[in-house]
Amino acid sequence: MDSVKKKRRKAAVNQNDCVACGCCAKVCPLSAIQVVKGVAAQVDGSKCVGCGKCARECPASVIEIREVET
Amino acid sequence: MKKHWYDYLWIVELTYLILGFFNILFAWIGLFFFFIPLIIAVARGTKGYCNRYCGRGQVFGLLGGRFGLSRKKDIPKWMKSKAFRYGFLIWFFIMFFQMLWNTYLVFAGAQNLRQVVTLLWTFKLPWNWAYHGTLFHPGVAQFAFGFYSVMLTSTVLGLITMILFKPRSWCVYCPMGTMTQLICKVKNGSK
Ligand code: SF4
Ligand code: SF4
Ligand code: SF4
């Protein structure tokens, strides 16, 4: 059987430059991004739909929407 | 998204700034905005203040977002570099201690009360209309003028970068944000 490979868009945070302000978490409609331990934001890949809201909001512009294979 | 009570803390922040126009002694309330983030960071190891309760961030978010007063452009790279963020934090500390030193001088009687609010560490704005005497030592008022200067300066810087870049650009180099993140990094043992 063939497994159908789909491309999905997901947010990815450059954690090195993240300032952990949490602006991204505030706007994510699916609560798919959270600031972990006050250090950097992390995306829950299983929830994220790649809408890009967080990336637009992020004041440091450290979120990228990437295509990933699932 | 569901609104929480803490999504309205921008009202507190605006009220604070306005009260300082009428009576400078209200500036003392600002110590809450200073200690609460630190206490949360030290006690819980999170940036809970930034992530939820910070009214200042909300003001920029609203003005730049809802009211559209922001170009919504990417902040320049150097402004989010560690060198700039930590450098700005140190600069802020130096200015803060200088302010405390001035307060001390007034308390010690070595200097008279100066009824000015210093903007961007340079411009001295006359602010005598907001001073109606104090029941306490003039040093109490000197601290209020100094602290309000810090708050107004960061608001003005925040507004400028809000207009130029993203609404909450201030959060990238905000000394409180940088400091609480550092505390969390140390506390949670990451690099
Ligand atoms: S908005 Fe950007 S800088 Fe702020 S926590 Fe999210 S990813 Fe990090
Ligand atoms: S891309 Fe959309 S769903 Fe994914 S984390 Fe960002 S805001 Fe949430
Ligand atoms: S970084 Fe500063 S302005 Fe932004 S949310 Fe944190 S304390 Fe508030």
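**Exercise 1. In which order do the elements of chain B run from the N terminus on?**

Solution. The model is a predicted one, and the elements are taken along the chain. Starting at the N terminus, chain B runs α-α-α-α-α-β-β-α-α-α. Chain B therefore has eight helices and two strands, given that helices and strands are counted as DSSP runs.

**Exercise 2. Work out what the radius of gyration says about the overall form of chain B.**

Solution. Begin with the expectation: for 191 residues, a compact globule would have a radius of gyration near 16 Å. Next, take the value for chain B, which is 17 Å, and note that this agrees with the expectation. The spans add a second view, since along its principal axes the C-alpha trace of chain B covers about 50 × 40 × 35 Å. Finally, turn to the contacts: of those between residues at least 6 apart in sequence, 78% join residues at least 24 apart.

**Exercise 3. Describe how the residues of chain B are divided between interior and surface, and then classify Thr178(B).**

Solution. For the chain as a whole, 48% of the 191 residues count as buried. The accessible surface of chain B comes to about 10000 Å², and 72% of that surface belongs to carbon and sulfur atoms. For the single residue, the cut-off is needed: buried means under 20% relative accessible area. Thr178(B) has a relative accessibility of 0%, and therefore it counts as buried. Thr178(B) lies in helix H8 of chain B, and, when neighbours within four places in sequence are left aside, it is in contact with Arg85(B), Tyr86(B), Leu89(B), Val172(B) and Tyr173(B).

**Exercise 4. Find where ligand 3 sits and which residues are around it.**

Solution. Ligand 3 sits in the largest cavity. Two elements of chain B give two or more residues to the shell around ligand 3, namely helix H7 (170-173) and helix H8 (175-187). The residues around the ligand include the cysteines Cys50(B), Cys54(B), Cys171(B) and Cys174(B), and the others are Arg56(B), Arg168(B), Trp170(B), Met176(B) and Gly177(B).

**Exercise 5. Decide whether Arg8(A) is buried, partly exposed or exposed, and say where it is placed.**

Solution. Arg8(A) is placed in strand S1 of chain A, which covers residues 7-13. Its relative accessible area is 37%, and since partly exposed lies between the 20% and 50% limits, Arg8(A) is partly exposed. As a last step, compare sequence with space: Arg8(A) and Cys21(A) are 13 residues apart in sequence and, from C-alpha to C-alpha, 27 Å apart in space.

Note on methods
Residues numbered from 1 in each chain as written. Chains lettered and ligands numbered in written order. Predicted model: local features only at pLDDT ≥ 70, side-chain atom pairs only at ≥ 80, totals over all residues. Heavy atoms only, no water. Helix = DSSP H or I, 4+ residues; strand = E, 2+ residues; numbered from the N terminus. Rg over C-alpha atoms; globule rule 2.2 N^0.38 Å. Buried < 20%, exposed > 50% of the residue type's maximum accessible area, 1.4 Å probe, protein only. Contact = heavy atoms within 4.5 Å. Areas by Shrake-Rupley, 256 points an atom, 1.4 Å probe, with all protein chains shown as cover. Near = heavy atom within 4 Å. 1 Å grid on protein atoms, 1.4 Å probe; cavity = no way out; pocket = protein on both sides within 12 Å on 5 of 7 lines; lining within 4 Å. Sits in = over half its atoms within 2 Å of the grid points.
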